[in-house]
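Please read the notes below alongside the coordinates. They are arranged as numbered points, so that each can be checked separately.

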Amino acid sequence: MQKVLWICGRLPSPLFTGDALYSAGLLTALARTNAVDITLVGSSRTGEAVGDYLLNLPNTTCVALPPAQPSALRSLLSTLPRDAFNLSTPQLRQVLPNLLQGDWDWIVIDHAYSSGLLSMIQQHRKHASICYIAHNAEGAIRREIASSFSNPLRQLLMRFDADKYRRQENRILQVADAVTCISEEDASYFKRVSQNVHVVPPIYLGHISAPRPILAACPRALLLVGSFEWIAKQRNLELIVEGLLPALQRTGIVLNVVGAVPQHLRDRFSRFSPCLAFHGRVDDVSPVAAASRGGLVPDLLGGGFKLKILDYAFQRLPIFGLRNALAGTTVAEQSAMFPADNLESLAEAVVSNIDDLPTLNRNQDTLFELLSERFGLEAGTRHLSSVFL
């Protein structure tokens with residue numbers, strides 16, 4: 001069996017954020033080949049017990065460390081990006097040298113924020129190959145995100161961190177023997193440096209709804225799933241609400257937001273109530289999905305594949321989204337969506353189609369079939385076998 005040391009700055013538990021969902025899907029697919037022995041090491045996200053779905057993976061040992069204690073000031077003085085600095089915890093520094101003594105075939109660096117101890121990994125890798133699992137083209141998107149903020153000080157700090165991410169990403173690419181990424185767009189970016197790049201689309205592990213027609217009795221509502229704890233995600237939400245809600249409010253369409261949203265943003269947008277409903281984190285999104293006529297993918301900032309696309313498709317929801325935010329989907333898949341080039345035209349697409357039940361139902365059926373072929377566990381296992389086996 002191949003022996004794999006999987007370094008994940010934040011363990012993928014609980015599954016409330018895109019990075020956790022993507023990592024958990026890859027781990028599950030690789031573990032179920034029964035051809036690898038995985039040791040997963042990383043910091044707990046919440047201090048709670050690691051989920052059983054992770055602990056019960058075949059041939060997998062999980063080394064769960066205490067949650068990281070962020071230090072914004074100390075990270076500013078480091079050459080590392082803030083997240084990579086904070087996730088290089090004292091506990092990880094203590095256990096990693098011992099783990100690196102093992103006879104590994106592969107060492108995985110899962111996300112750029114897991115690379116804070118890259119020099120230690122290089123020093124002790126022995127004959128192990130290194131695989132970098134990219135969640136985004138960090139060097140391309142971080143500076144774009146920073147530029148979206150109007151506050152000069154915040155923009156300056158985020159640009160400073162974006163430059164650190166770009167340099168750190170290049171360091172990883174220089175030492176990685178293989179790179180995996182989510183989309184062909186990201187693959188083109190990484191191939192400037194690495195010649196061994198594999199596209200590994202997300203692997204859907206969630207609930208799959210039974211077929212359900214969207215009927216006239218279904219509320220005229222859209223679903224927006226996300227995790228809004230990261231400052232860039234909060235900025236996305238601000239742009240979305242300010243750009244879409246006036247049109248939705250005028251036509252009586254409700255936006256259901258599922259995910260953790262800071263109270264100050266809830267308060268700021270209270271003027272849009274009752275057309276804007278915050279549901280917080282939920283263990284099962286199905287009831288909110290069943291009370292919606294479509295899923296919304298309106299992200300203006302951040303690259304990569306939006307995992308909410310899979311949530312909507314497997315919940316049997318048609319998708320309204322910005323073309324740039326639908327990166328990683330095919331022309332055929334987008335033909336079964338309602339794509340738009342900007343928030344204004346996206347609002348028009350929603351208003352024009354929210355009551356067209358035959359088209360909504362045709363699109364959600366077609367999209368479910370198309371995405372089931374590409375993002376299931378079997379497809380993911382094939383992709384990862386081509387990298388590791």
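The points that follow cover the basis of the model, its sheets, its backbone details, its surface and its salt bridges.

1. Basis. This is a predicted model, in which local features need pLDDT of at least 70 and side-chain atom pairs count only at pLDDT 80 or more, while totals for chains, interfaces and linings use all residues. Residues are numbered from 1 along each chain as its sequence is written, and side-chain values use heavy atoms, with hydrogens and water left out.

2. The seven-stranded sheet. One open sheet has seven strands in the order E3-E2-E1-E4-E5-E6-E7, with parallel pairing; strands (E, at least two residues) and helices (H or I, at least four) are DSSP runs numbered from the N terminus, and two strands pair if DSSP finds at least two bridges between them. The edge strands are E3 (60-65) and E7 (197-199), each of which pairs on one side only. Neighbouring strands of this sheet are turned by 20 degrees against each other on average, direction ignored, where the axes are lines fitted to C-alpha atoms, for helices over the stretch in contact, and angles run from 0 to 180 degrees between N-to-C directions. Strand E6 (residues 178-181) is joined to E7 by three bridges, the two running parallel, and Thr180 has His198 as its bridge partner in E7.

3. The six-stranded sheet. A further open sheet, of six strands, follows the order E10-E9-E8-E11-E12-E13, again with parallel pairing. Its edge strands are E10 (276-280) and E13 (338-340), each pairing on one side only, and the twist from one strand to the next averages 25 degrees. Towards the E13 edge, three bridges join the parallel strands E12 (residues 319-322) and E13, with Phe320 opposite Phe338.

4. Strand E8. Which residues of E8 point one way, and which the other? Ala221, Leu223 and Val225 point one way, Leu222 and Leu224 point the other way, and all are buried, where buried means under 20% relative accessible area, exposed over 50%, and partly exposed in between (1.4 Å probe, protein chains only). In a regular strand the side chains alternate between the two faces of the sheet. E8 (residues 221-225) runs parallel to E9 (residues 254-258), to which five bridges join it, and Val225 stands opposite Val258. Two bridges join E8 to the parallel strand E11 (residues 294-297), in which Gly294 is the bridge partner of Leu222. E8, helix H10 (residues 231-250) and E9 make a right-handed β-α-β unit; a crossover is right-handed if, with the strands pointing away from the viewer, the path from the first strand over the helix to the second runs clockwise.

5. Backbone details. The peptide bond between Ser13 and Pro14 is cis, with omega about 0 degrees, and Pro14 lies in the loop between E1 (2-10) and H1 (18-31). A cis bond also runs from Ser273 to Pro274, with omega near 5 degrees; Pro274 lies in the loop between H11 (263-268) and E10. Asn34, although not a glycine, has a positive phi of about 55 degrees and is found in the loop between H1 and E2 (36-43).

6. Salt bridges. The structure holds 14 salt bridges, each being a side-chain nitrogen of Lys or Arg within 4 Å of a carboxyl oxygen of Asp or Glu. Asp83 pairs with Arg10, their closest N and O atoms being 3.7 Å apart; this links helix H4 (residues 82-87) to strand E1, the two residues being 73 residues apart in the chain. Asp83 counts as buried at 15% relative accessibility, whereas Arg10 is partly exposed, at 26%. Arg268 and Glu242 also meet in a salt bridge (2.4 Å, N to O); Arg268 lies in H11 and Glu242 in H10, so the pair ties together parts that are 26 residues apart in sequence.

7. Surface patch. Leu73, Leu76, Leu77, Leu153, Leu156, Leu157 and Phe160 form a nonpolar surface patch with about 740 Å² of accessible area together. Helices H3 (72-76) and H8 (152-175) each give two or more residues to the patch, and H8 gives the largest share, four residues. Patches are made of residues with over 30% relative accessible area and no salt bridge, with like charges joined within 9 Å and nonpolar side chains (Val, Leu, Ile, Met, Phe, Trp, Tyr) within 5 Å. Accessible areas come from the Shrake-Rupley method with a 1.4 Å probe, and for residues only the protein chains shown count as cover.
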